[in-house]
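Biologist: I should like to learn how to read the features of a protein model. May we take them one at a time?

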Amino acid sequence: MTGVVVATVIMVVVAASAALATAAAAGRGARAAAEDERGNTPAGRREATYDGRALILDGARRMLFSGDMHYPRSTPEMWPDLIAKAKKGGLDVIQTYVFWNAQEPVQGQFNFEGRYDLVKFIREIHAQGLYVSLRIGPFVESEWKYGGLPFWLRGIPNITFRSDNEPFKRHMQKFVTKIVNLMKDERLFYPQGGPIIISQIENEYKLVEAAFHSKGPPYVHWAAAMAVNLQTGVPWMMCKQDDAPDPIINTCNGLICGETFPGPNSPNKPALWTENWTSRYPLYGQDQRYRSAADLAFAVALFIARKKGSLVNYYMYHGGTNFGRVASSYVTTSYYDGAPLDEYGLIWQPTWAHLRELHAAVKQSAETLLWGAYSNHSFGQQQEGHVFATDSGCVAFLVNFDKHKVSTIQFGEEVFQLAPKSISILSQCRELIFETGKINAQHGLRTAQVVQPLNHADRWKIFKEPIPAVPSKISHVGNQLCEHLSTTKDETDYLWYLATYNYRRNGNDDLVLNVESHAHILHAFINNDHVGSVHGSHDKPGNIVLNAAISLREGQNSISLLCVMVGSPGSGAYMERRTFGVRKVSIKRRQQRPHSINIELWKHQVGLYGETNKIYTSEGSSHAEWTAVDKSVHLPLIWYKTTFDTPWGNDPVTLNLTSMGKGEVWINGQSIGRYWVSFKTPSGKPSQSMYHIPRNFLKTGENLLVLMEEIGGDPLQITVNKMSVTRIYGTVSEFSTPSLLSSENHPAVHLRCQKGKHITDIEFASYGNPIQDCRDSGRSCQGSCHAEMSEFVVKNVKFSHPNATFASTRYSIAKMLQQSTNS
């Protein structure tokens, strides 16, 4: 791998400022009173409770950092490494939803195998010494199909989801009880010796509560009482529910809870942040919206300082992959790829390391933050200070909201310069230990290396999905247009609407087919010929309308409409009433009124032939009539099949599907998700072009790759890739804060490769004032004050110790750089 070092490594140790004795003294009385309230848990007894400052474990208040990881969005083989990296990143807690429709896909039939093995996931977290926050819901949203609710609930008579409705409450209570009892049986709650320290009931209900009118508030109280009565021995919480009934803790979700959270609804409840969004979830047709490490750290520090926050959870810490059809409407297969651990489980720098430093800075003063007396200070319109003080400790947060200017403030006896939009954390209210707006952590560039192009036409085979006209074996017949989800039971994205149309020619008719559909995509065929397609977008829900010029033959003509869903709805009120599918169909001749064919004898076919016969599996594939590719590239409704070899090594594997249109892809019979690269973003790029293949989906030797292409694409340009961080760089100056995680007491560049890699080349090194962003080209980083010997010195140190990692020689490099420029 290539290592890029761009470092201003002037080693000047800045002396600490004087103590702020007055702030320390302010909390002495409060600390003494608090100490009297502390009690020691009897020997052998484990207890999880809370008070107005924090969650309390075995009598001790805890400052906790947490991260969401969802067990179905990765694989059991990935879990240990993901959890280990989260722990190394400074997390104490792993948070996850429980996905009802994954655990009980058929009423009364439960699935806890493979990626859905919730118990195994929690045990792995426990084995690595972390706690668990279990969000049972059972409505979770989470950009997951149907918000996690099983589709079979729609068939329950007189049901209204998430309201004071007896059928729903009965089934919800049954499932929540099932999960709680499972956790109890496995002894996973904290008082039993397990890792679960808190649970969640419902999810962001306040967003829809008003829509249920008088049926909303009683449901909240019922859900709270039902959960508490299950006697888990750990606290329960409700997020975004400001009026959560006692003893349920109300928590915050959002980007800036330090500014938007009204606070706990009782002085006896702590301030908890259950979802600090590390980016925004990606949608087809939208560009990725990443969140900077500095912005994340600022939000966390502000929540702790302003709201006395004692638990912050990152949503997501590892997003993972929406395998198969689990994503909700228009949501991409890749989920929160810009989280501290990316979709593949690689460390996303500098976010991971910058937050790790923040966690260390906060934990260093945890005792003071949890027990100290609080005071706040104003230094200007956009500058403020927050101080926590006890008899023996003091910690200050100096805040600069100004996004553009450095702010100079007097605090105690010292003057501090606050970077734009940054918070400075002062240990003992005098020693600067962390600045949210200054990134000293290394940066990395992730690239996908092509390891196998699939450009040999003779290795590809195709199967043309048959376009039904009016087949004899049809499950749904009637003079109506059936609702999509009720007909498919959400077991497939596809529903065919089929009819015949008797046409009598009247001169040179100009004919137009008009179809109105409440769906995500619609494809229209006349006599098996494709005549047009139309699709919607996440931002413009509702009807999509197809107007296509068509030609008809005299007599009977077949009309075949393929209605496609790209995920079922994932949120909102009255989800059980949401309807989809074709609404109106008409044919218009010249200036005449459109002729509606809604009343004709419509028939329906659920799913595609290839789906029903599972031709994406080895066995199913052997029964299909595959032919050579020929000229079938870029045609709609084509199944493609080939094989590829498993890439060597341990790097994550991806498929580059940039050349394709829209569809789904399977590896050895397992779906790695939907793809839709033809739906370009405003920047003109696909929302997602790389598709993750977990290593455990692969076999030794050849692997079966099958794609269902809806629109048309070129499979010969697909490549198999390995994903890794290939270039890294870091910067440091005499004004940088030394890392709390290092034994050194001066600023230094710390560069480390991902596991299994080592630095092979130094592209650029500078002692001076290099330009900060060097991701594209190291040479362009050279500033106006550049030491020519810098690169030579770094390379000399690195390659004179070939068995040493760059991180292990960082002090020598920094020292020699300083000597070279001074000489």
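Modeller: The following turns treat strands, a pocket, aromatic rings and the backbone.
Modeller: This is a predicted model, in which local features need pLDDT of at least 70, side-chain atom pairs count only at pLDDT 80 or more, and totals for chains, interfaces and linings use all residues. Residues are numbered from 1 along each chain as its sequence is written, and side-chain values use heavy atoms, with hydrogens and water left out.

Biologist: Which strands form the closed barrel, and is the pairing parallel or antiparallel?

Modeller: Strands of a sheet pair through backbone hydrogen bonds, in either a parallel or an antiparallel manner. Helices (H or I, at least four residues) and strands (E, at least two) are DSSP runs, numbered from the N terminus; two strands pair if DSSP finds at least two bridges between them. Here eight strands, in the order 4-5-6-7-8-9-10-11, make a closed barrel with parallel pairing. From one strand to the next, the twist averages 30°; axes are lines fitted to C-alpha atoms, for helices over the stretch in contact, and angles run from 0 to 180 degrees between N-to-C directions. Strand 7 (residues 196-201) and strand 8 (residues 236-239) run parallel and are joined by two bridges. Gln200 stands opposite Met237 of strand 8.

Biologist: What order do the strands of the open sheet follow?

Modeller: The six strands of this sheet follow the order 31-20-32-37-34-35, with antiparallel pairing. Strand 31 (627-628) and strand 35 stand at the edges with a single partner strand each, so one side of each has no neighbour in the sheet. Strand 20 (residues 461-464) is joined to the antiparallel strand 32 (residues 638-645) by four bridges, and Lys461 has Lys641 as its bridge partner in strand 32.

Biologist: How many residues line the second largest pocket?

Modeller: Rolling a probe the size of a water molecule over the atoms shows where empty space is left. On a 1 Å grid over the protein atoms alone, a pocket is an open set of points with protein on both sides within 12 Å along at least five of seven lines, and lining residues have an atom within 4 Å of a point. The second largest pocket has 43 lining residues, and Lys145, Arg325, Asp490, Glu491 and Thr492 lie nearest its centre. The lining comprises 18 nonpolar, 15 polar and 10 charged residues; Ala, Val, Leu, Ile, Met, Phe, Trp, Tyr, Cys and Pro count as nonpolar, Asp, Glu, Lys and Arg as charged, and the others, Gly among them, as polar.

Biologist: Why is the pair of Phe212 and Tyr574 called tilted?

Modeller: A pair of aromatic rings is described by the distance of the centres and the angle of the planes. Rings of Phe, Tyr and Trp (its six-membered ring) pair if their centres lie within 6.5 Å; planes under 30 degrees apart count as stacked, over 60 as edge-to-face and the rest as tilted. The whole structure holds 39 aromatic pairs. For Phe212 and Tyr574, the ring centres are 4.7 Å apart and the planes stand at 50°, so the pair is tilted.

Biologist: Which peptide bond precedes Pro247, cis or trans?

Modeller: Most peptide bonds are trans, and most residues other than glycine have a negative phi. The bond between Asp246 and Pro247 is cis, with omega about 5°. Asp490 has a positive phi, near 55°, although this residue is not glycine.

Note on methods: On a 1 Å grid over the protein atoms alone, a cavity is a set of points where a 1.4 Å probe fits but cannot get out, and a pocket is an open set with protein on both sides within 12 Å along at least five of seven lines; lining residues have an atom within 4 Å of a point.
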